[in-house]
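Reader: I am new to this structure. Please show me how to read its strands and its charged contacts.

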Amino acid sequence: MPGIFVRLIDEAVEVWRPVEAVHLDGNVYQIAEQPYDRSIEKWEFEPGDEVICMPRESPEGRILVAVRFAHLSP
């Protein structure tokens, strides 16, 4: 299962969380169901959300980050 990164909100610095996701089409992914405790950290996008991902350079190399909600047509 591909991994993407989701921004954590309400953090003092920019933090990205690696999450499992299913590739749907092109740059569209659906964040997979996985453990997520909202009382510990708040993700910008949550399990079940369909998101557009874009590549981004990071200290670990090039990663895919969720940037906005996707709206796929049926």
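Author: We will go through strand pairing, then turns, then salt bridges, then burial. Keep in mind that this is a predicted model.

Reader: In which sense do β1 and β2 pair, and over how many bridges?

Author: Look for bridges between two strands, then read their direction. Strands β1 and β2 are antiparallel, joined over 5 bridges. One residue pair to find is Ile4 with its bridge partner Val19 in β2.

Reader: Which strands does β3 pair with?

Author: Take its partners in turn. Strand β2, residues 16-25, pairs with β3, residues 28-31, in the antiparallel sense over 4 bridges. Strand β5, residues 50-58, also pairs with β3 in the antiparallel sense, over 3 bridges.

Reader: Which residues in β3 are the bridge partners of Ala21 and Asp25?

Author: Trace across from β2. Ala21 has Ile31 as its bridge partner. Asp25 has Val28. Now turn to β5: there, Glu50 stands opposite Gln30.

Reader: What should I know about side chains along a strand?

Author: Here is the general idea. In a regular strand, side chains alternate between the two faces of the sheet.

Reader: How many residues lie between the strands in the hairpin of β2 and β3?

Author: Count the residues that link the strands, then check the backbone angles there. The hairpin of β2 and β3 has 2 residues between its strands. Gly26 takes a positive phi near 55 degrees. The hairpin of β1 and β2 has 6 residues between the strands. In that turn, Asp10 has a positive phi of about 70 degrees.

Reader: Now the charged contacts. How many salt bridges does the structure hold?

Author: Look for a side-chain nitrogen of Lys or Arg within 4 Å of a carboxyl oxygen of Asp or Glu. The structure holds 5 salt bridges. One of them joins the side chains of Arg7 and Glu44, at 3.3 Å from N to O. This pair links distant parts of the chain, 37 residues apart. Arg7 sits in strand β1, and Glu44 in the loop between β4 and β5.

Reader: Which residue meets Arg17 in a salt bridge?

Author: Start from the arginine and look for a carboxyl group. Glu41 meets Arg17, with 2.7 Å from N to O. Again the pair links distant parts of the chain, here 24 residues apart. Glu41 lies in the loop between β3 and β4, while Arg17 lies in strand β2. Another salt bridge joins Arg38 and Glu46, also with 2.7 Å from N to O.

Reader: Is Glu41 buried or exposed?

Author: Compare its relative accessible area with the cut-off: buried means under 20%. Glu41 counts as buried because its relative accessibility is 15%. Its partner Arg17 counts as partly exposed, at 30%.

Reader: Why does Arg38 count as exposed?

Author: Exposed means over 50%. Arg38 has a relative accessible area of 52%, so it is exposed. Glu46, across the salt bridge, counts as partly exposed at 26%. In the Arg7 pair, Arg7 is partly exposed at 30%. Glu44 is partly exposed too, at 29%.

Reader: Where is Val28, and how accessible is it?

Author: Place the residue, then read its accessibility. Val28 is found in strand β3. At 6% relative accessibility, Val28 counts as buried.

Reader: How far apart are Val28 and Ala66?

Author: Read two distances, one along the chain and one through space. Val28 and Ala66 are 38 residues apart in sequence. In space they are 9.0 Å apart, C-alpha to C-alpha.

How values were computed
Residues numbered from 1 in each chain as written. Predicted model: local features only at pLDDT ≥ 70, side-chain atom pairs only at ≥ 80, totals over all residues. Heavy atoms only, no water. Pairing = 2+ DSSP bridges. Buried < 20%, exposed > 50% of the residue type's maximum accessible area, 1.4 Å probe, protein only.
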